[in-house]
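Good morning, colleagues. Please turn to the model that I am about to show, and I shall take you through its fold and its ligand site.

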Amino acid sequence: MTNYQIPTVIIDTEPQSIELLNSYLKEQDYIEIIGEFSDIVASYNAILEHRPAIVIIDISKKSDLALDIIGKISLNHKTCKIIVTSSNYSTETIIKAMRAGAREFWPKPFIKEDIVNSLEKLKHYVGGNNLDNKKCRIITTFSNKGGIGKTALATNLALELANMTKEKVALIDLNLQLGDITTFLDINPSFDISYVIQNLSRIDETFLLSTLEKYKDSNLYILADPPYLEQGEDITAEQISKLFDVLKQAFSYIVVDASASFDGKTITALDNSDLILLVTIVNLPAIRNCQRCLELFERLGYEREKTKIILNRFMENDEIKVEDVEDVLSKKIYWKIPNNYFTIMSAINKGIPVGVINPDSNIAQSYRELAAMLSDNIYKQDFGKKIARKPLFNFTGLFK
Ligand SMILES: Nc1ncnc2c1ncn2[C@@H]1O[C@H](COP(=O)(O)OP(=O)(O)OP(=O)(O)O)[C@@H](O)[C@H]1O
Ligand SMILES: [Mg+2]
């Protein structure tokens, strides 16, 4: 991208925010600001006409209107990358923005360093560069204990990621003997993992998208376990590795439901993962097993940050406290999923994800927020971090 400058539009009802962003963005030689608007409606017409590659839009005020416009931009100018800014950075706001089609979120007051990092990341996806630099994140749910909630997590997380990011997400069942994903989602796929693996050499994106089972009208694509036990045995660790390589070309996220064993195929999946969600519940055998997994991951040379502990079936008044679990594991709990047997069982028995059957339940909310946390689209930063406001500038004009 030597001489290419990314056409960018800024929309904010506060002139001083526009000025501040302008001063940061002007220092990035790959950015060209082609418009600044304080009027959200007027900005939309200009965006449709001039097709900027990046739109930075504030939703602190008139947020419903701003979100509506974001939805329209993502529909009518699909390649545009939308960055949302807001002084309200509750999880709910961030999720709303992402659902509307936002790609990044910059909390106010702005932190220059974060903005520059975010733009650096984004620039690889614009200016015709998006296919070459396609980035994919592999997230594996794991526990060496059965029945702990891996499949519930993988399934619900994958669907939330697909709905939230609007990017393509693959959900792979690596329980090659008796996987559960098809039951959890009540689907009957025409093809399964052994078919795809037999055809690895002729696979391209079109093949994958037509072979993996698309879940209803979502962006979630499922690769199910094989119907016959012996087909699972025939699959090798090397083939699993190759499978990831091809899936990475077509998907933004791959969520893997790994089996509860430490066989070569599971280790291959763990090796290939960017993130391992190590699931446990608050009871001593489970925590002890979790500790063993962490020890093994250390021996395998995984970076500590690669593994995140997910505490499933969490109850406030549990006899064993979260701090006790963290002490035993010498690691922070990354996320707690509430215990809600009734909702999850009703979802599993009907084959409907909890986010669909009961979107307001605490467990659906927990999966959704976890998806938001793990999504690449949100620019991660320490929300507690504050900077002193820069001096305000005079706003010189609406249009350039
Ligand atoms: N947050 C939760 N609250 C209450 N019950 C839960 C929760 N998560 C999972 N369960 C229960 O745990 C059971 C096992 O969940 P799941 O099938 O996801 O576990 P798993 O680790 O994938 O098991 P396996 O090792 O057999 O594949 C579910 O049927 C459900 O009853
Ligand atoms: Mg399972």
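I shall begin with the chain as a whole, continue with two backbone details, and then turn to the ligand.

Please bear in mind that this is a predicted model. The protein chain comprises 17 helices and 13 strands. Its radius of gyration is 22 Å, close to the 21 Å that the globule rule gives for 400 residues, so the chain is as compact as a globular protein of that length. Along the principal axes, the C-alpha atoms fill a box of roughly 70 × 55 × 40 Å.

Next, the backbone. Most peptide bonds are trans, and most residues other than glycine have a negative phi. Against that background, I would point out two places. The peptide bond that joins K108 and P109 is cis, with omega at about 0°. P109 belongs to the loop between strand 5, residues 104–107, and helix 5, residues 112–122. The second place is D186, a residue other than glycine with a positive phi, near 50°. D186 is in the loop that runs between helix 7 (181–185) and helix 8 (193–198).

I now come to ligand 1. Where does ligand 1 sit? The space that it takes is the second largest pocket. Around ligand 1 there are 20 residues, and those that come nearest are G147, G149, K150, T151 and A152. By class, this shell has 10 nonpolar, seven polar and three charged residues.

Which elements supply at least two residues each to the shell? They are helix 6 (150–165), strand 12 (307–314), strand 13 (333–338) and helix 15 (341–350). Helix 15 gives the largest share, four residues.

Let me turn to individual polar contacts. A side-chain N or O atom of K150 is 2.9 Å from an oxygen atom of ligand 1. At A152, the partner is a backbone N or O atom, which lies 2.8 Å from an oxygen atom of the ligand. With N312, a side-chain N or O atom is 3.0 Å from a nitrogen atom of ligand 1. As for burial, ligand 1 has 630 Å² of accessible area on its own, and the protein covers 84% of it.

Thank you for your attention.

Key. Residues are numbered from 1 along each chain as its sequence is written. Chains are lettered from A and ligands numbered from 1 in the order in which they are written. This is a predicted model: local features need pLDDT of at least 70, side-chain atom pairs count only at pLDDT 80 or more; totals for chains, interfaces and linings use all residues. Side-chain values use heavy atoms; hydrogens and water are left out. A residue is near a molecule or strand if one of its heavy atoms lies within 4 Å of it. A polar contact is a pair of N or O atoms within 3.5 Å; within protein, one must be able to donate a hydrogen and the other to accept it, and residues adjacent in sequence count only if both atoms are side-chain atoms. Accessible areas come from the Shrake-Rupley method with a 1.4 Å probe; for residues, only the protein chains shown count as cover. On a 1 Å grid over the protein atoms alone, a cavity is a set of points where a 1.4 Å probe fits but cannot get out, and a pocket is an open set with protein on both sides within 12 Å along at least five of seven lines; lining residues have an atom within 4 Å of a point. A molecule sits in a cavity or pocket if more than half of its atoms lie within 2 Å of its grid points. Ala, Val, Leu, Ile, Met, Phe, Trp, Tyr, Cys and Pro count as nonpolar, Asp, Glu, Lys and Arg as charged, and the others, Gly among them, as polar. The radius of gyration is taken over C-alpha atoms; the globule rule is 2.2 Å times the number of residues to the power 0.38.
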